[in-house]
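Here are a few short exercises to work through with the coordinates loaded. Try each task on your own before you read the solution.

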Amino acid sequence: MSSEIRPDYQSLNTEARNPRTMEIDQLPTLEMVRLMAEENRVVEDAVAAESEHIAQAIDLIAQAMEQGGHLIYVGAGTSGRLGVLDASECPPTFGVDYELVRGVMAGGKQAMFRASEGAEDSAEQGMADMIADGVKAGDVVVGLSASGGAPYVLGALQAAAQLGAVPIGVTCNPASLMHPICRVTIAPVVGPEVITGSSRLKAGTAQKLVLNMLSTGAMIKTGRVMGNLMVNVRPTNQKLRLRCIRIIRELSGCDAQLAEQALDACSDIREAVAYVQKNAQKP
């Protein structure tokens, strides 16, 4: 794929002008807020409409993880930052290694904090970054682009396919350039933004919801959740230590003192629950 390939941005619904918000700059603050809230309501339904595709993607990710593969998010701008955010929250939530779920964004780490939007224009850089990241057969690469046409993301997805990884697309345009490349494309249609083209708004919210489902669903499917409890969480600070104690109590029915004793004696929550059950049987 060449960097010269560009989507027709004029035809994208994420770039269209929203007729309901053309006078938003003239509204009192409360009315402005209410109008934005009304626009946000469409996001949940748009994501729900993509449930089948989201489920397909979760199954592909879980299967990859069970066979030693990784989940790599790749994006530019807001989409890239959302991928990095979701990846960074998996280790403290599910107790997984930081390499299992990774985020790669156009412009590198510095682009997380300082906009580097021009970096999204190179498909070749997207391809090179997948190779540099170590993407391999058996991994899953989720490309994130509100328009579905960011050259950096398209290049990364094409490289993922060539490397034997499973390419999955997340976009807010149903007929994007992602579709021919990806095994599954998730495309919640949220319509024109409140501020024309500002895809950090509804499109960003939709992508965040999808990513929540992908990572959480995959962790559930791979046994890192028991019931609705995050049984792999690690007590790395006081808040998480108290959470671990509560989870041990929920699963074993013991009091706080025994739960804390078990946590101190064991390496993880599952082992701590077994410790409680063993010690509860003693006379």
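**Exercise 1: How far to trust the model**

Work out the mean pLDDT of the protein, and find where pLDDT stays under 50.

*Solution.* Start with the global number: this is a predicted model, and its mean pLDDT is 92. Next, check the coverage: 95% of the residues reach 70 or more. Then look for the weak spot, which is residues 1-5, where pLDDT stays under 50. For that stretch the model has 15 contacts beyond four places in sequence.

**Exercise 2: Inventory**

Count the helices and strands, and write down their order from the N terminus on.

*Solution.* The count first: 9 helices and 5 strands. Walking from the N terminus, you get α-α-β-α-β-α-β-α-β-β-α-α-α-α. For the overall dimensions, the C-alpha trace spans about 75 × 50 × 35 Å along its principal axes.

**Exercise 3: The sheet**

Find the order of the strands in the open sheet, and say which ones stand at the edges.

*Solution.* Step one, follow the pairing across the sheet: the order is β2-β1-β3-β4-β5, and the pairing is parallel. Step two, look for strands with a single partner: these are β2 (101-105) and β5 (184-186), so each has one side without a neighbour in the sheet. Step three, the twist, which averages 20 degrees from one strand to the next.

Now see what packs on the sheet. Helix α4 (residues 123-133) does, touching β1 (71-75), β2 and β3. Its direction makes about 150 degrees with that of β2.

Finally, zoom in on one pair. Strands β3 (residues 140-144) and β4 (residues 166-170) run parallel and are joined by 5 bridges. Here V141 stands opposite P167 in β4.

**Exercise 4: A helix pair**

Are α7 and α9 parallel, antiparallel, perpendicular or oblique to each other, and which residues make the contact?

*Solution.* What do you need for this? Two packed helices are described by the angle between their axes and the distance between the axes. For α7 (residues 238-252) and α9 (residues 269-280), the axes come within 10 Å and cross at roughly 50 degrees. That angle lies outside the parallel range (under 35) and the perpendicular range (65 to 115), so α7 and α9 count as oblique. The crossing is right-handed.

For the contact itself, α7 contributes C244, I247, I248, L251 and S252, while α9 brings I269, A272, V273 and V276. Sorted by class, that contact has 8 nonpolar residues, 1 polar and no charged ones.

Key:
Residues numbered from 1 in each chain as written. Predicted model: local features only at pLDDT ≥ 70, side-chain atom pairs only at ≥ 80, totals over all residues. Heavy atoms only, no water. pLDDT = per-residue confidence, 0-100. Contact = heavy atoms within 4.5 Å. Axes fitted to C-alpha atoms, helices over the stretch in contact; angles between N-to-C directions. Helix = DSSP H or I, 4+ residues; strand = E, 2+ residues; numbered from the N terminus. Parallel < 35°, antiparallel > 145°, perpendicular 65-115°, else oblique. Left-handed = near helix turned anticlockwise from the far one by under 90°. Nonpolar A, V, L, I, M, F, W, Y, C, P; charged D, E, K, R; others polar. Pairing = 2+ DSSP bridges.
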